[in-house]
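Work through these exercises with the sequence and the model side by side. Try each task before you read its solution.

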Amino acid sequence: MWLAMDKVRKTLVAVAVLGTGAGVGSALFALVAPGELQKQAMLQEMPERDPQRRDEAVRTKELVMATLKKAAATEENVAWRKNWIVSGGSRSA
């Protein structure tokens, strides 16, 4: 009988400690998490919202795809190219 009561007491203490930890964690998260207005402001400031940044990303992707297509079609080591803006190139400086 005493062993069962001891197990129940230890279980209740463990549940209380875990519950307290979860409660403190939730309270800290609620304090730190940004509000709706802050979320909207952060979304407006994201680089992807800037048209110049988007155009730059599109151009970079185009250059990478062109390089990959050329690499697939030729025997040249296009990964060694020093100047990625210019098509072609050589390993000599």
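**Exercise 1. Surface and burial**

How much area does the protein expose, and what percentage of it do carbon and sulfur atoms supply? Then find the share of buried residues.

Solution.
- Step 1. Keep in mind that this is a predicted model.
- Step 2. Read off the area: the protein exposes about 8,500 Å².
- Step 3. Split that area by atom type: 66% of it is supplied by carbon and sulfur atoms.
- Step 4. Turn to burial. The protein has 93 residues, and 4% of them are buried.

**Exercise 2. Fold and confidence**

Describe the secondary structure, then say in which helix confidence is lowest and in which it is highest.

Solution.
- Step 1. Count the elements: there are three helices and zero strands.
- Step 2. Put them in sequence order: the pattern reads α-α-α.
- Step 3. Check the average: the mean pLDDT of the protein is 81, and 81% of the residues score at least 70.
- Step 4. Compare the helices. Helix α2, residues 36-44, has the lowest confidence, with a mean of 81. Helix α1 has the highest, at 90.

**Exercise 3. Salt bridges in helix α1**

Find the two partners of Asp 6 and explain how the pairs are placed along the helix.

Solution.
- Step 1. Recall the principle: side chains of opposite charge can pair when their charged atoms come close.
- Step 2. Apply the cut-off: the nitrogen and the carboxyl oxygen must lie within 4 Å.
- Step 3. Test Arg 9. Its side chain meets that of Asp 6 at 3.1 Å, N to O, so this pair is a salt bridge.
- Step 4. Test Lys 10. The closest N and O atoms of Asp 6 and Lys 10 are 3.9 Å apart, so this pair is a salt bridge too.
- Step 5. Look at the spacing. Asp 6 and Arg 9 are three residues apart in helix α1, which spans residues 2-32, so about one helical turn separates them. Asp 6 and Lys 10 are four residues apart in α1, again about one helical turn.
- Step 6. Join the pairs: Asp 6, Arg 9 and Lys 10 are linked in a network of salt bridges.
- Step 7. Add the exposure. Asp 6 is partly exposed, at 29% relative accessibility. Lys 10 is exposed, at 53%.

**Exercise 4. Two contacts in helix α3**

Which salt bridge partner does Arg 59 have, and is Thr 67 buried or exposed?

Solution.
- Step 1. Pair Arg 59 with Glu 62: their side chains form a salt bridge at 3.8 Å, N to O.
- Step 2. Place the pair. Both residues lie in helix α3, residues 51-73, three residues apart, or about one turn.
- Step 3. Check exposure. Arg 59 is partly exposed, with a relative accessible area of 45%. Glu 62 is partly exposed, also at 45%.
- Step 4. Check the total: the protein has three salt bridges.
- Step 5. Move to Thr 67, which is in helix α3. Its relative accessibility is 12%, so it counts as buried.
- Step 6. Find its contact: a polar side-chain atom of Thr 67 lies 2.9 Å from the backbone oxygen of Leu 63.

**Exercise 5. A nonpolar patch**

Which residues form the nonpolar surface patch?

Solution.
- Step 1. List the members: Val 24, Leu 28, Leu 31 and Val 32.
- Step 2. Give their area: together they have about 440 Å² accessible.
- Step 3. Take one member. Val 32 is in helix α1. Val 32 counts as exposed because its relative accessibility is 68%.

Technical notes
Residues numbered from 1 in each chain as written. Predicted model: local features only at pLDDT ≥ 70, side-chain atom pairs only at ≥ 80, totals over all residues. Heavy atoms only, no water. Helix = DSSP H or I, 4+ residues; strand = E, 2+ residues; numbered from the N terminus. Buried < 20%, exposed > 50% of the residue type's maximum accessible area, 1.4 Å probe, protein only. Patch = residues over 30% accessible without salt bridge, like charges linked within 9 Å, V, L, I, M, F, W, Y side chains within 5 Å. Areas by Shrake-Rupley, 256 points an atom, 1.4 Å probe, with all protein chains shown as cover. Polar contact = N/O pair within 3.5 Å; in protein donor to acceptor, adjacent residues only side chain to side chain. pLDDT = per-residue confidence, 0-100.
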